[in-house]
Amino acid sequence: MSVETDPRSDDLVQPFQIDPFALRGRLVRLGPTVDRILSQHDYPEPVAAILGEAITLAVVLAGALKYEGVFTLQTKSDGPIRLLVADVSTEGAVRGYAQYDSERLEAAWDGNGSSPSVPDLIGSGYIAFTVDQGEHTDRYQGIVEIVGATLAECAQHYFRQSEQIQAGIKLSVGRTGHDGGWRAGGLMLQRVPPEGGYGVIADDFEDGWRRAMVLMSTATPAELVDPDLPPRRLLFRLFHDEGVRVYYTHPLEARCRCSRERIAKILRSFPASDIEEMREEKVTTVTCEFCNTRYEFTSDDLARLAPA
Ligand SMILES: [Zn+2]
């Protein structure tokens with residue numbers, strides 16, 4: 001394994017495998033991508049941080065699935081942050097946004113260094129995971145109650161509840177870039193039963209899994225987001241004794257999929273009476289919640305949208 005030839009150390013998914021025990025994993029590193037998404041919005045610090053975690057979690061989980069399309073993670077809950085949305089396409093386009101109540105947030109967060117927990121910020125509710133592979137295909141959706149002090153714990157709860165997958169997840173977000181920008185890191189390790197089962201060496205696999213989980217737990221939040229620690233070097237540091245093998249990385253970038261055409265399609269699905277009401281204004285502005293792009297529709301534009 002050569003660290004020096006790693007051409008890129010940010011905004012990527014680095015898949016890896018620990019051979020003897022059939023363990024698969026992914027290390028996700030987000031630099032300019034997550035900084036751009038979080039900086040597009042003027043979110044208070046804890047909202048930005050937890051949205052950064054949600055984005056990282058979406059990327060980490062999406063890598064575990066075989067799909068062509070868009071993977072979306074969405075929380076809906078009764079806390080100060082009532083909604084978090086993060087999605088990632090198979091091409092590596094990432095985006096996200098949050099909805100929150102400023103007053104309730106202020107009450108939950110006193111503004112000093114200590115970071116509030118998921119129960120304080122998000123409250124009770126659920127997390128939905130959706131895979132959308134386009135029109136005329138089945139949507140896959142998994143839903144789990146929000147249980148845990150962190151988003152990573154909530155995801156692990158999901159695996160225990162609804163999937164036959166054993167997995168460990170670590171997430172870290174912080175303003176640790178050299179320019180003070182946001183950075184995020186995620187690590188997921190999952191157990192993939194070998195074909196034909198574990199057989200007589202089941203105990204070895206069990207030990208291998210436990211050891212790998214212990215090693216994974218030694219990765220510090222600072223290491224996960226350290227701009228000077230390339231992903232492969234971190235993996236080597238953690239798992240070199242276990243025979244870790246790395247694969248080609250997948251690049252990630254901050255890119256929204258909104259367009260005037262898409263917004264028009266949404267407006268077209270509104271009842272005619274709603275469109276009539278909007279037409280009373282000279283110009284109706286629709287703002288994309290993901291990227292804040294504003295699309296303007298004049299009364300005449302809206303008239304042309306209306307179904308004949
Ligand atoms: Zn957009």
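Helix H2 has 18 residues and spans 26 Å from its first C-alpha to its last, close to the 26 Å expected at 1.5 Å a residue. Most of H2 is covered, with 15 of its 18 residues buried. The model is predicted. Other topics below are the nonpolar cores, helix H6, a zinc site with four cysteine donors, and a few single residues.

**Nonpolar cores**

- The largest nonpolar core has 67 residues, and Leu61, Phe71, Leu151 and Ile169 touch the most other members.
- Helix H2 (residues 45-62) supplies the largest share of this core, 12 residues.
- A second, separate core has 21 residues, including Ile18, Trp209, Met216 and Val246.
- Not counting residues up to four places away in sequence, Leu61 touches Phe71, Leu73, Phe129, Phe159, Ile169 and Met188.

**Helix H6**

- Helix H6 (residues 202-217) has 16 residues and reaches 23 Å from its first C-alpha to its last, close to the 22 Å expected at 1.5 Å a residue.
- Its buried residues include Phe205, Gly208, Trp209, Ala212 and Met216. They lie on the same side of H6, because they cover an arc of only 100 degrees around the axis.
- Asp203, Arg210 and Val214 are exposed residues on the face of H6 turned away from its buried side.
- The cover over the buried residues of H6 includes four strands, E1 (12-18), E2 (23-30), E8 (166-174) and E9 (183-191), together with helix H8 (231-239).
- Two of the buried residues of H6, Trp209 and Met216, are also among the members of the second core.

**Zinc site**

- The zinc ion is coordinated through the SG atoms of Cys256, Cys258, Cys288 and Cys291, at 2.2 to 2.3 Å.
- The site is tetrahedral, with angles of 103 to 115 degrees among the four donor atoms. For four tetrahedral donors the ideal angle at a metal is 109.5 degrees.
- Along the sequence, the donor residues follow the spacing C-x1-C-x29-C-x2-C.
- Cys288 has a relative accessible area of 6%, so this donor is buried.
- Cys291 is likewise buried, because its relative accessible area is 16%, under the 20% cut-off.

**Strand residue Gln74**

- Gln74 sits in strand E3 (residues 70-77).
- With a relative accessible area of 28%, Gln74 is partly exposed.
- Leaving aside neighbours within four places in sequence, Gln74 is in contact with Leu83, Leu84, Val85, Tyr126, Ile127 and Ala128.
- Gln74 and Asp19 are 55 residues apart along the chain, and their C-alpha atoms are separated by 33 Å.

**Positive phi at non-glycine residues**

- Most residues other than glycine have a negative phi.
- Asp11 is not a glycine, yet has a positive phi of about 55 degrees. Asp11 lies in the segment before E1, and counts as buried at 7% relative accessibility.
- Asn292, also not a glycine, has a positive phi of about 70 degrees. The loop between strand E13 (283-287) and strand E14 (294-298) holds Asn292, which counts as partly exposed at 36% relative accessibility.

How values were computed:
Residues numbered from 1 in each chain as written. Predicted model: local features only at pLDDT ≥ 70, side-chain atom pairs only at ≥ 80, totals over all residues. Heavy atoms only, no water. Expected span 1.5 Å × (residues − 1). Buried < 20%, exposed > 50% of the residue type's maximum accessible area, 1.4 Å probe, protein only. Arc of directions from axis to C-beta. Contact = heavy atoms within 4.5 Å. Core = buried A, V, L, I, M, F, W, Y, C linked by side-chain atoms within 4.5 Å. Donors = N, O, S within 2.8 Å, 3.2 Å for Na, K, Ca; no water. Tetrahedral: all angles 85-135°; square planar, octahedral: opposite > 155°, others 65-115°.
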